[in-house]
Amino acid sequence: MQIQTKKTLRALMVCLPIVICYFLPVKPNVFTYPLVHANIFHLAANVFALYSFMKYADDKVTFVCFIIGGYIASIIAYILYCGDYMVVGASGFIFGIIGIYLMLRYRGLLNMEMYKSRLFINITILLAVGLIIPSLAGLLHVYALIVGISIGYLLLSIERFMKNLQQYM
């Protein structure tokens, strides 16, 4: 029970700045756009999704990888997506975390179990809806997911390298 409480507190700790920034006058730019939301429903949907995925951070290392990786994914996606568009919301951050989670959970893209999972099917549906409805910045979500998967792959490669290095020491 104590482990679940720690996971919940960590997840809430990530969601809290987003909720606080909703009530503050924060101007969206490449670094702050994940903290700014269009309305209370937009905020609630993103906080719920973020809270749901942050509970998968089993330890402190995964938690830090989710935070840093999600933020990097959201910034890169923002840079790739935004030209003349104004983007707000934490969904790029969330899709980056989802990409990292998929890689760490299924240990790579060749695991067919990933493609059969309910999470993968739901993500595919969300991406399709985002691409159909232009106001949802669907391409930004795709970019953030790809960057998140790339970060997850990099983390897996580092983990494998460290295991191989330990074998020879």
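A residue is called buried when its relative accessible area is under 20%. His37 meets that description, because its relative accessible area is 7%. The model examined here is a predicted one, and His37 makes a convenient place to start reading it. This histidine sits in the loop between helix 1 (2–22) and helix 2 (40–54). Its surroundings, leaving out residues up to four places away in sequence, comprise Ile18, Tyr22, His42, Leu43, Asn46, Val88, Gly89 and Ala90. Two of these neighbours also supply polar partners: the side chain of Asn46 makes a polar contact with the His37 side chain at 3.1 Å, and the backbone nitrogen of Ala90 is placed 3.3 Å from a polar atom of that same side chain of His37.

A second buried position is found in helix 3, where Phe63 is located. Phe63 counts as buried because its relative accessible area is 10%, below the 20% limit. Apart from neighbours within four places in sequence, Phe63 is in contact with Arg10, Met13, Val14, Met54 and Ala57. The distance from Phe63 to Ala11 also deserves a look: these two residues are 52 apart in sequence, yet their C-alpha atoms are 9.0 Å apart in space.

Helix 4 (91–106) offers a view of a whole element that is covered by its surroundings. Of its 16 residues, 14 are buried, so helix 4 is largely enclosed by the rest of the structure. Its length also agrees with expectation, because 16 residues at 1.5 Å each should span 22 Å and the end C-alpha atoms are 22 Å apart. After helix 4 comes Arg107, a residue with a positive phi, near 60°.

Helix 7 is made up of 30 residues, from 138 to 167, and reaches 44 Å between its first and last C-alpha atoms, close to the 44 Å expected at 1.5 Å a residue. Which residues of helix 7 are buried? They are Gly138, Leu140, His141, Ala144, Leu145, Val147, Gly148, Ile151, Gly152 and Leu156. Among the elements that cover these buried residues are helix 3 (60–81), helix 4 and helix 6 (118–132).

The surface offers a contrasting picture around Phe161, which belongs to helix 7. Phe161 is classed as exposed because its relative accessibility is 51%, and the cut-off for that class is over 50%. Together with Leu154, Ile158, Met162, Leu165 and Met169, Phe161 forms a nonpolar patch on the surface, and the accessible area of the patch is about 650 Å² in total.

Charged side chains complete the description. Side chains of opposite charge can pair when their charged atoms come close. How many salt bridges does a search of the whole structure find? The search returns 3. In one of them, the side chains of Arg107 and Glu159 meet with an N to O distance of 2.6 Å. This pair links distant parts of the chain, with Arg107 in the loop between helix 4 and helix 5 (112–116), Glu159 in helix 7, and their positions 52 residues apart in sequence. Arg107 is partly exposed, with a relative accessible area of 40%, and Glu159 is likewise partly exposed at 29%.

Glu159 also forms a salt bridge with Lys163, where the closest N and O atoms are 3.9 Å apart. Glu159 and Lys163 are separated by about one helical turn, because they are 4 residues apart in helix 7. Through shared partners, the salt bridges join Arg107, Glu159 and Lys163 into one network. Lys163 counts as exposed, with a relative accessible area of 51%.

A further salt bridge pairs Glu113 with Lys116, whose closest N and O atoms are 4.0 Å apart. Why are Glu113 and Lys116 separated by about one helical turn? The reason is that they are 3 residues apart in helix 5. An α-helix has 3.6 residues a turn, so residues three or four places apart point the same way. Glu113 is partly exposed at a relative accessible area of 48%, whereas Lys116 is exposed at 60%.

Definitions and conventions. Residues are numbered from 1 along each chain as its sequence is written. This is a predicted model: local features need pLDDT of at least 70, side-chain atom pairs count only at pLDDT 80 or more; totals for chains, interfaces and linings use all residues. Side-chain values use heavy atoms; hydrogens and water are left out. Helices (H or I, at least four residues) and strands (E, at least two) are DSSP runs, numbered from the N terminus. The expected span of a helix is 1.5 Å times one less than its number of residues. Buried means under 20% relative accessible area, exposed over 50%, partly exposed in between (1.4 Å probe, protein chains only). Contact means heavy atoms within 4.5 Å. Patches are made of residues with over 30% relative accessible area and no salt bridge: like charges are joined within 9 Å, nonpolar side chains (Val, Leu, Ile, Met, Phe, Trp, Tyr) within 5 Å. Accessible areas come from the Shrake-Rupley method with a 1.4 Å probe; for residues, only the protein chains shown count as cover. A polar contact is a pair of N or O atoms within 3.5 Å; within protein, one must be able to donate a hydrogen and the other to accept it, and residues adjacent in sequence count only if both atoms are side-chain atoms.
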